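Thanks for making the time this morning. I would like to walk you through the aromatic side chains and one helix with its surroundings, so please have the structure open while I talk.

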Amino acid sequence: MRTVSVIGIGAGSPEFLTLQAISGLRHARAVFALDKGDTKADLLALRQHIIDTHSPSTPLYSITDPERDRNPDNYQAEVIRWHKQRAALLAEAIRTHSGENDTIAFLVWGDPSLYDSTLRIIEHMETYENLNMNVQVIPGITAIQVLTAAHKLLLNRIGEAIHITTGRNLKTTSAHNRRNCVVMLDGANAWLENFSDNTYIYWGAYLGTEHQVLRAGYVKDIGEELAELKKQLRTTHGWIMDTYLLRELDEHA
Ligand SMILES: C[S@@+](CC[C@H](N)C(=O)[O-])C[C@H]1O[C@@H](n2cnc3c(N)ncnc32)[C@H](O)[C@@H]1O
């Protein structure tokens, strides 16, 4: 049976790669990647750089993620169709480029447990394509850890919970969950949609990369300015990824 290493490569710098990740990469016969149409050139270059540095003879096979209808008549049916199609494409590439007893690898941005579909796709290849593999997961440094390190922050306050959500969900996040709330996948400026006078934001873009930008302050003071900065940075680089912690600073802080 094949073995598949799902390797977290960290979110940003090639120096985030752990010794375990390097070893996993070196043991792989081939690396496979499912690229979305909008995968950014900088991120692709970083992945190639990691392979070139640590295991230059390992081939990389990139498969373009199939298109998905975002407004289908039957949402459930469309999602299943899409899952089947991407599982079929990837399984075909794996069967073509590796042997039945080989070890192969997927390089995952950040950590595989956080807003990433690789483990789900591996399950789909088993379900729909009868491609059974031993799965091993190698953890990576998430964008959240890079953010907290950059701001020299504790993620939690004593005894408090931490909430992790997406930009889309922030609008409906309760005040309780916003006490220590990490936001990822924000295509816009969700911090402007749900804040109080006491909401403080610790923001980071392009974390771990040479373009890293950090800002911190009360949303009521810097929120609009941050939205403008995000717009400018997106124009300058052609893409942006940001992560932030929203924290209610009150008498308990
Ligand atoms: C599809 S999720 C992948 C998260 C990843 N698995 C992780 O462990 O960080 C992509 C989101 O992660 C965050 N992200 C990833 N890398 C980042 C970086 N270098 N700087 C800022 N945010 C980043 C952004 O919120 C982005 O929208």
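**Aromatic rings and helix α7**

Let me begin with a lysine, K220, which lies over the face of Y218, at 5.2 Å from the ring centre. Please keep in mind throughout that this is a predicted model. Y218 also belongs to an aromatic cluster, which it forms together with Y200 and Y202. A charge over a ring turns up at R68 as well, where the charged end sits over the ring of W82, 4.7 Å from its centre.

Turning to ring against ring, the count comes to five aromatic pairs, taking ring centres within 6.5 Å as the limit. One of these is formed by Y206 and W239, which meet edge-to-face, with 5.1 Å from centre to centre and 80° between the planes. Because Y206 lies in the loop between β8 (199-205) and β9 (213-218), while W239 lies in the loop between α7 (219-237) and β10 (242-248), this pair ties together parts that are 33 residues apart in sequence. Are these two residues, Y206 and W239, buried or exposed? Both Y206 and W239 are buried.

That brings me to α7 itself, whose buried residues are V219, I222, G223, L226, A227, L229, K230 and L233, and I would point out that a lysine, K230, is among them. What covers these buried residues includes the strands β8, β9 and β10. Finally, if you follow the chain past the end of α7, you come to G238, which has a positive phi, near 85°.

How values were computed: Residues are numbered from 1 along each chain as its sequence is written. This is a predicted model: local features need pLDDT of at least 70, side-chain atom pairs count only at pLDDT 80 or more; totals for chains, interfaces and linings use all residues. Side-chain values use heavy atoms; hydrogens and water are left out. Rings of Phe, Tyr and Trp (its six-membered ring) pair if their centres lie within 6.5 Å; planes under 30 degrees apart count as stacked, over 60 as edge-to-face and the rest as tilted. Helices (H or I, at least four residues) and strands (E, at least two) are DSSP runs, numbered from the N terminus. Buried means under 20% relative accessible area, exposed over 50%, partly exposed in between (1.4 Å probe, protein chains only). A charge sits over a ring if NZ of Lys or CZ of Arg is within 6 Å of the ring centre and within 35 degrees of the ring normal. Contact means heavy atoms within 4.5 Å.
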